[in-house]
Structure formats: structure tokens, C-alpha cells
Amino acid sequence: MSLVQARRLHLAAQGLLRPPRARARPADVVAAIERMRLLQIDSIHVVARSPYLVLHARLGDYQPDWLDQALAQGRIAECWAHEACFVPSADLPLHRAWRERGAHWAQRHAERMHREHRAEMDGLLERIRRQGPVRAADFPRADRGASGWWEWKPEKRWLEALFALGDLMVSHRERFQRVYDLADRVLARLQPPYAPSRATPPELRRRFVADTVRALGITQARWIADYYRLRPAVDEAELAPLVADGELLRVPVRGWDAPGYVHADLAPLLDQARAGTLRATHTALLSPFDPLVWDRARALGMFGFEYTIECYTPAPRRRYGYYVLPILHRGALVGRLDAKAHRAEGVFEVKALFLEPHCKATPRLLAEVAEAVARTARWHGTPAVRLERSEPAGLARALRAHWKADQA
């Protein structure tokens, strides 16, 4: 198949090929997470927090509190996977069984923390057992001026370590703050009902490999491990038994120096991609932590899009900005914008918008990118769009004209 066909298969599997056909419902939030297998959590809220943005790109105008409700209802759960993630509750037994191997960096850090602060952490567990769920905010801090994750107060560090160890879980969130409770109490209300996995480590790894291939639609072997942070890396020799068993299909892609792999469940979608009947018609702003772009090597190999999450880069070294949202347009990543939402003023500020050098600013591209920005701004409650500059420079004038006409 061609690279364009592979991209469309990838987007279809991720729910980003076409705009949503119907008004979103609460159940669609859980369905989107089940399709992706995991939804990364990040607390930066220069715009909407990342998990809400990821869902908006796929669902359109939905209510963000539907995600919080799904967690409180036990339809999804939080755990360490790619990073800290929401996962379908049905998958949680696999993640908890995998956690026991201690392979994730968060687990190793938590074990070290427990060795050094066992008495305090055991005391914290006992308090929760007797008094009920807690937030980190329930514990005062002595150094009021400190901030940032590296300045967490001891209780926050201990809560996070107990969460990584599996003793605590997140029962729900209050204004995005985690509310921690004993794992047994949270597990008791999950839907579907929780039952520990009896899968062996090799069986679990095979399951995560297969789920990754299904979630990505099509992928090279070297891109698989990053999705669930599997170690060691996945290679073609490991995939050979899955191909032999018919679980995975090996598909050459023109322009790639390695084969692509497709899950057998997606064989009908693969046929449509090869026949050219998958059409990419969606334009959307993506979170920096969207599964489509979080793997730099995959984004480059699939879309020719070089992307770095620069919010963790020192300001003098940033090329595009602090919180840069990739722009998806009809099957291609055509640009990026540095955004900030001013909620009190109702302003969606675009500090800079960059079009990829090879992309032409056609009337359709301009109209659909302008609408994608306006749509995100309206959904976020910041309907007034303010664009400071663009590259190329003339792009800003054309986009402002679209927004002005839309508001007239």
C-alpha cells in the first residue's frame, strides 16, 4: 500500500479520519478511550488539559465533565501505562498484573520511596483506611511559596508512590485534582467487575503488542514498544509468531524501509485503505500528548512531521513555543500553533501559527483550519480568537478575515 493509504488507515483506527457524524454522548468518551486503549494525562492547562483536547479532536463539542463522570462511575480507571493514563476498566487487570513486574520507571521510583519512608506511607494508608479518600490538597505545606512537581510536599509524593505501587487508586477527580482511596474500594465498583488477570508475563506482553497494533491501525515494529512503554523494544522476530497465528498481518508500505503490521480485526479497514475508499476529511487541533504525535519517530515516519513537545524545553531553546498544538488537515499534519486560553476574558490567543514549508495555503485549507481553531475556541469557552503572527506572514491576515466573517 502507499504511504497515504497507510496514513488513512492509521487515522481511521485512531478516530481522526473524518469529523464526528453525530452529536457526542457520554458513552462516546469511553468508546474513544477503548479505541485508543489509553488516554495520557497531563496537568498543563494553558489551553484545555491534554486528555480533554485529545477527546475534542475525536468527538467534537462534548462536555468535558463526561470524562470525570466516567472515572467516578468506574467505566475507566487511572494507572501507569505509556505515562499516567486513563484506561478502559476492562484493561485494568492487565495493567495491574504487568505492574507487578516493576518494569515502569514510576514503579521503581515508588519502591525506592517506600523503602525510605515506609513508616510515613504506612501511616498515610491507615488514615485513608479509617477516614476515607483524600486529596493532596488536604495536607498543608510549610513552604507556601514553592510550586512545580519537583517541589511536591511529602504527602503528595507518598500518595503518588502508593498509587504507582497499586495500594491506592484514584476514585474520582475534583477540579482535576486526584482523590485517592484504597485500591480495594475503587476496584469494587469498576464496570465491568474487576477480576485479577492470570496471564503470564509473556502473555501480557503479547496482548499489549497486539492492542498497540490495533490502536495504531498500521505500524512498524520499532514503533510498538513506546505505546505501553514495553521493554525491551519490539522487533520483527517477536512479531513473527503473531503473523504466523493470523493475529497480525504483514503489509509492505511504499517508502518504508520496514514492513507495516495491521491487526487482523482491521482487515476490512485495510481492504478499504488499499482500494482507496478511505477518505480523510477531518481538520482538528491536536494535543501535544495525542497518541498520534507523542512518538516523534512515528510522527516523522508516518507524516513527515518533526515534532517536539517544547513545554519542557528551556524558553531560549524553543523553536515554536510553549504549548504547541499540531494541526491535522485531511490526512496530513500541515502545521502547528502556539496557543494560550485566557478564560476570564474569553480570548483564545494564538501567539504564532506555522504552516509546514511544503504545504500550500489553499482556500480550503485556510477555511478549514480557521474553523478548527474557532471550533476549539468556542468549545473551550474562549470564543474570541486573537492571532499574533504566522509563518508565512500572509497567513495571519487570511485567517483573521475568516474569523471576522464568521462573527459578522
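1. In this predicted model, helix α2 gives the most to the lining of the second largest pocket, contributing four residues. The pocket encloses about 470 Å³ of space, and its lining is made up of 20 residues, among which G15, R18, P20, R35 and R58 lie nearest the centre. Two or more lining residues of this second largest pocket come from each of α1 (3-14), α2 (26-36) and α3 (50-59). Sorted by class, the lining of the second largest pocket holds 13 nonpolar residues, together with two polar and five charged ones.

2. Turning to enclosed space, the model has two cavities of 30 Å³ or more. The largest cavity holds about 310 Å³ of space and is lined by 23 residues, with C79, W80, H95, R99 and A164 lying nearest its centre. At least two residues of this lining are supplied by each of β2 (76-80), α5 (92-99), α6 (105-116), α8 (154-165) and β4 (168-174), and the largest share, five residues, comes from α5. The lining of the largest cavity divides by class into 14 nonpolar, four polar and five charged residues.

3. The second largest cavity contains about 30 Å³ of space. Its lining consists of L71, G74, I76, A77, E78, M169, V170, S171, V186, R189 and L190, and the elements that give two or more residues to this lining are β2 and β4. By class, the residues lining the second largest cavity comprise seven nonpolar, two polar and two charged. A reader following the strands may wish to note that β2 and β4 also each supply at least two residues to the lining of the largest cavity.

4. A separate point concerns R205, which is placed in helix α10 (residues 201-216). Is this arginine buried or exposed? R205 counts as buried because its relative accessibility is 12%, and the cut-off for that class is under 20% relative accessible area.

5. The surroundings of R205 can be described in some detail. When neighbours within four places in sequence are left aside, R205 is in contact with W98, L230, R231, P232, A233, V234 and E238. One of these residues, R231, also takes part in a polar contact, in which the side chain of R205 reaches the backbone oxygen of R231 at 3.3 Å. Another of the listed contacts, W98, falls within the residue range of α5 (92-99), the helix that gives the largest share of the lining of the largest cavity.

Terms used. Residues are numbered from 1 along each chain as its sequence is written. This is a predicted model: local features need pLDDT of at least 70, side-chain atom pairs count only at pLDDT 80 or more; totals for chains, interfaces and linings use all residues. Side-chain values use heavy atoms; hydrogens and water are left out. On a 1 Å grid over the protein atoms alone, a cavity is a set of points where a 1.4 Å probe fits but cannot get out, and a pocket is an open set with protein on both sides within 12 Å along at least five of seven lines; lining residues have an atom within 4 Å of a point. Grid points are joined across faces, edges and corners, and a volume is the space filled by probe spheres set on the points. Ala, Val, Leu, Ile, Met, Phe, Trp, Tyr, Cys and Pro count as nonpolar, Asp, Glu, Lys and Arg as charged, and the others, Gly among them, as polar. Buried means under 20% relative accessible area, exposed over 50%, partly exposed in between (1.4 Å probe, protein chains only). A polar contact is a pair of N or O atoms within 3.5 Å; within protein, one must be able to donate a hydrogen and the other to accept it, and residues adjacent in sequence count only if both atoms are side-chain atoms. Contact means heavy atoms within 4.5 Å.
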